[in-house]
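Visitor: I am new to this model. Please pick a single part, look at it closely, and then lead me outward from there.

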Amino acid sequence: NSINSYIVFNIELLAKDNYKTLYEQNTPKDIISRELISSYFTEIEIGTSFQKIPLIIKPKIADFVVTSIHQMENPTRDYTSKKYVYNLSPEFLANHNYFNEKKSSTFNSSFCEKRSPIDESEKPLAEQVCYSNDTIILYEDKDFKEKKILKEFYLELGRNAKDNITGTIGLNLNDMFNHVSILSLLKKKKLIDNYFWFFDFEKWDSNKGKLFLGAMPHDIYGNKYNKSNLVDTPGAANDNYIFYNVVFDNIYFKNSTGEKEIIGANEKAELNLESNVIIGKHNFRKYLNDSLNNLIKEKKCFFDSFEGYLERMDFYYDYDFFYCYNTKEIKEQLNNIIPDIYFNSKKLSYDFELKKEQILKENENYIYIYIIFCHQYNSWHLGKQISLKYQFVFNPDIKMVYFYYQKNEEKKEEKEENNYLYLKIIGVIALCIIFGFLGVILGKKIYGMRKKRANELNDDNFEYFSENKDNSLVKDN
């Protein structure tokens, strides 16, 4: 049975020109560094009259902050010009805007306070926060037909926001700063019954999708997901702070002879729903370096580093990456070098597969290997190629990650696809045989009719004439 106690948002990928870069545009460092963080945003209608405000989806923080169009007086931090992750483009701001609370007759605020950082390295999402209420519109059905107008809904109005963004929706429930999350607000209003949430995309690399709060996929898409296939992923609840972890018994790939090469055992990997790249362990970097050694010596492939900002730690980390010239010859060599990687869970009896097509990404001039390596930590962080390719569900209250075990269904679908292909082949062969048979019959029939006609002409005593050399007709005797 489906339930109605959930909230759904349309979400869209934030374009690449909305991110800060430390490097010259369209250079390899610039291109790969922009893939480290790749966020989605939604729009919420706030105030009277309603203003559509874009809010960036942040899975690992709890803040629900809407940025005011009115700047803070005497700010102490330069969040407007000094950017760390985001740098909203003129094109984005031409179609979206900050919230103007002065235009909303239903807006009210109790008081504002300055959020002082714990130390110099900590950068609050907004330097000033006003604890406020206003009317907002939310949707309670997946088709966005049931509109819910909520009066006096709590929100935090931010000024001097970090990176000068328009606002955020955090999907964590609690963090070390005890910020108020939208999940807790919805639960308090009894608009949701639980703290489950998940992304819904047609494909893992789709630019648009949906975000559901307060429900699980089998509640909404009962014909697609079966509750009996739902399992909690092993090891997910062991981390009290960041709970987006899955423990894999073996991480491996198959070599040229088809034998398994283990590159990790009993490994905890973090699901990163905001990244287009995989962060790998250092032993796999050694494998890549050894495998690409000749191409690197021939200056057909390259090894380089870039600085990337880790939001959770408010710090720039160093990352290594590989890339090669984009030629047919090198592409064929890379296809032989880069393997499919499997993340095996014995509890789930399942291999999460990272295909080489998801690892190798072509640009006009180069082919990039989308597995990078961090200097400051040595662990697997699985980007959208895994975290969105497979249907995971999150619950920050109990710090659990769930997964729909659908191996049998996948095999069934694969078998059905193969059967469909076989039927098509058999059908084509059958049609060829039928048309060939009909051709033979028709040919014989036409030949027989011609023969019969010739015999009939002989039997009817027709007179035949031939043409002599002087073009006169001569009767044949």
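Guide: We start with one helix, follow its neighbours to an enclosed space, and end at a few loop and strand residues.

First, some ground rules. The model is predicted, so local features need pLDDT of at least 70 and side-chain atom pairs count only at pLDDT 80 or more, while totals for chains, interfaces and linings use all residues. Residues are numbered from 1 along each chain as its sequence is written, and side-chain values use heavy atoms, with hydrogens and water left out.

Now the setting. The protein has 477 residues, and 49% of them count as buried (under 20% relative accessible area; exposed is over 50%, partly exposed in between, with a 1.4 Å probe and protein chains only). Its secondary structure comes to 10 helices and 26 strands. These are DSSP runs numbered from the N terminus: H or I over at least four residues for helices, E over at least two for strands. Take the contacts (heavy atoms within 4.5 Å) with a separation of 6 or more. Residues 24 or more positions apart make 70% of them.

Our part is helix 7, residues 328–337. Which of its residues are buried? They include Ile330, Leu334 and Ile337. These residues lie on the same side of helix 7, because they cover an arc of only 60° around the axis (taken from the directions from the helix axis to the C-beta atoms). Turn to the other side of helix 7. There, Lys328 and Asn336 are exposed.

What does the buried side meet? The buried residues of helix 7 pack against helix 5 (282–291) and helix 6 (293–297). They also pack against four strands: strand 15, strand 16 (315–325), strand 19 (360–362) and strand 20 (366–369).

Follow strand 15, residues 301–310. Strand 15 gives the most to the lining of the largest cavity, with three residues. A cavity is a set of points on a 1 Å grid over the protein atoms alone where a 1.4 Å probe fits but cannot get out, and lining residues have an atom within 4 Å of a point. The search of the whole structure finds one cavity of 30 Å³ or more. About 170 Å³ of space lies in the largest cavity, a volume filled by probe spheres set on the points, which are joined across faces, edges and corners. Of its 15 lining residues, the closest to the centre are Lys20, Ser33, Tyr84, Gly308 and Tyr309. The lining holds nine nonpolar, three polar and three charged residues. Here Ala, Val, Leu, Ile, Met, Phe, Trp, Tyr, Cys and Pro count as nonpolar, Asp, Glu, Lys and Arg as charged, and the others, Gly among them, as polar.

Next, Lys389. It lies in the loop between helix 9 (384–387) and strand 23 (392–395). Lys389 is partly exposed, at 30% relative accessible area. Its C-alpha atom is 7.0 Å from that of Lys203, 186 residues apart along the chain. Leaving out residues up to four places away in sequence, Lys389 touches Trp204, Glu353, Lys355, Gln358 and Lys384.

Last, some backbone details. Asn160 lies in strand 7 (residues 147–161). Its phi is positive, about 55°, although Asn160 is not a glycine. Asp163 sits in the loop between strand 7 and strand 8 (167–170). Phi of Asp163 is positive too, near 65°. Asn160 is buried at 4% relative accessibility, and Asp163 is buried at 2%. Elsewhere, the peptide bond from Thr48 to Ser49 is cis, with omega near -5°. Ser49 is in the loop between strand 2 (40–46) and strand 3 (51–58).

Notes. 1 Å grid on protein atoms, 1.4 Å probe; cavity = no way out; pocket = protein on both sides within 12 Å on 5 of 7 lines; lining within 4 Å.
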